[in-house]
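Q: Please look at the model below; after that we can ask how each description of the ligand site is justified.
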Amino acid sequence: MCGIVGYIGHDNTAIKTVLKGLYRLEYRGYDSAGLAYAESGQIKIKRAKGAVSGLNDKCKQIGPQTLAIGHTRWATHGKPSEENAHPHVSFKRELALVHNGIIENYKYLKEILKDEGYIFSSETDTEVLANWIEHAKLRYDLALEDAVHEALKGVHGAYAIAVLDSTGQKIVCAKKSSPLAIGIGEKEYIIGSDATPIIGMAKDVIYLEDDQIAVVTKDDLKIRDIDNNDTSYKAEKLLLDLQAVEKKGFDSFMMKEINEQPETVADCLRGRLTAPGPEIALGGIEAVMPSLLRARKIIIVACGTSWHSALIGKYMIEGLTRIPVEVDYASEFRYRRPIIDSEDVVIGITQSGETADTKAALELAKTKGALILGIVNVVGSSIARLSHAGIYTHSGVEVGVASTKAFTGQVAALSLLAIKLAYRLGYIDDEKLMDLKDALEEIPSQIQEILDDSTAIEGIADIFSQYEDFLFLGRGISFPVALEGALKLKEISYIHAEAYPAGEMKHGPIALIDEACPSIFVMPKDNTYGKTLSNLQEIKARSGRVIAITDVVDEDLVNSVDAVVVVPKTLPELTPLLTTVPLQIFSHRVAIKRSRNVDKPRNLAKSVTVE
Ligand code: M6R
């Protein structure tokens, strides 16, 4: 969950570069931040509780440095505090270390170290790891990289680490299960938990594999394999530009990302709808199409917002292809002894491609012989690499912790997959295929229409921003949209919000309804519209206030509700791509009215790399 940055090079810009990288990685955790460097044969550290700006203030007096490592933390072991912040310096001050992940056997290692006289100053598993490496280094008189290799043999858990010693000659990195990237610049190397600190500094990047160790000096990068032998590596081109990590004039990344959706959905569709012939082109799954078409069932695993898009995918795929689809929380999947075999297809949906639960679920499914597909945003991420095949969503870097453009990208990718399968299986003919393709093609400009009208939605949000409880309701494919609307509101405004299928209301939740608990109905005019309208009337009859998100101007509806947002019309299968957008704008505005930090909501982190 945490962010790691490192710099080593001939320029004296290490501190500035590491701080800049930490600002960019702050979305991965913002409980505390710190950095370490080596000066005159000694390790120096600066740490601060809270945001990177606090650390920045403490670093103003540091002189020019050629190497440094830094960290922004999302607490796992030990509360957010300066003592628990990374880097951790080992007991005998031989080395400093930053870590993302969890050391599962840290208590066991700590007891061994205590018996050897080690004293600990924090509650973290990371300090244990720093001391464990130091212990190996001193015991066997090893170079730093050899000590890291030796020590990691006894470590269980997930880690991405960057370590420096007091000589200030090198940074040693290692990883298992948590991501680590190294940018290769002009006479300099930049290390990052992901590529964001590297953008604009290096054109080439390598993503370290599990069990590899990287030894980075000012002039050289060497990668060692699990047996500590030098191994070759291949750098990839880093295609992201600086705009991806800047706010482009918006007040928040979240608002920027909401506004990017016409472009990002178009990017997801680009080249896939316009391929020669009627078919939808999804190059990443072409090789496995025969297995996909034979699938006995599809299981989709995901977390959070991605789980909501998985539910939408279920409606789309089952509706269009008649292939049964199960959707599971990735965190539940592996512990329920799932029934999977080699005739099943398991799809993981993930923005980051690093979510630990999703990754673990897919790894389990892989051992059962299932075909693994990834619907992933981050190119080259762990889940992209472990999947047999997949579809990139091409939504670009999403910095806001609350997922917006990644969600619509996932839904767009799922619609492409569902349509492609349905056409190949013969469930839709050329005419229906063309209708769906035409409708998809219009989605980006229809999203733009909604964005152009965002002031009206914000006006509604202003009126409703004082309420403390909300219900979000929808039927069919609009139910997961309601779930996503509720999640967006609760995660950035801290307002209690729940979502139900509208038909479930009268089985219990309607007891919550009074003037103080407004309902937001997601109700495009599909086959469930009439029923949903009746559910809405039931709420009105109990003095509930109602906002409706629909795609039809219906007098009955307008007369019944307190506010209505009308989105452009599309085919029923595709309505989530439009009805979601007003809910994003609504939540963002309510959170701003409540002075919340929409990009960095409390307790959350963007990339959840621990289970
Ligand atoms: O990177 P992933 O899509 O795998 O992340 C899954 C969830 O952690 C993520 O969607 C989370 O729910 C967001 N904060 C929602 O806005």
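Q: What makes the shell residues around the ligand nonpolar, polar or charged, and how many are there of each?
A: The shell divides into 5 nonpolar, 8 polar and 2 charged residues. Ala, Val, Leu, Ile, Met, Phe, Trp, Tyr, Cys and Pro count as nonpolar, Asp, Glu, Lys and Arg as charged, and the others, Gly among them, as polar. The model is predicted, with pLDDT of at least 70 needed for local features and 80 or more for side-chain atom pairs, while totals for chains, interfaces and linings use all residues. Residues are numbered from 1 along each chain as its sequence is written, and side-chain values use heavy atoms, without hydrogens and water.

Q: Which residues are the closest to the ligand, and how many surround it?
A: The ligand is surrounded by 15 residues, of which the closest are Ser-306, Gln-351, Ser-352, Thr-355 and Glu-491. A residue is near a molecule if one of its heavy atoms lies within 4 Å of it.

Q: Why is the pair formed by a ligand oxygen and the side chain of Thr-355 called a polar contact?
A: A polar contact is a pair of N or O atoms within 3.5 Å. An oxygen atom of the ligand is 2.4 Å from an N or O atom in the side chain of Thr-355, so this pair meets the definition. For Glu-491, the distance from a side-chain N or O atom to a ligand oxygen is 2.5 Å, and a ligand nitrogen is 3.1 Å from a polar backbone atom of Val-401.

Q: Which domains each give at least three residues to the shell?
A: Domain 2 (248–452) and domain 3 (454–597) each do so, with bounds taken from an automatic or database domain assignment.

Terms used:
A polar contact is a pair of N or O atoms within 3.5 Å; within protein, one must be able to donate a hydrogen and the other to accept it, and residues adjacent in sequence count only if both atoms are side-chain atoms.
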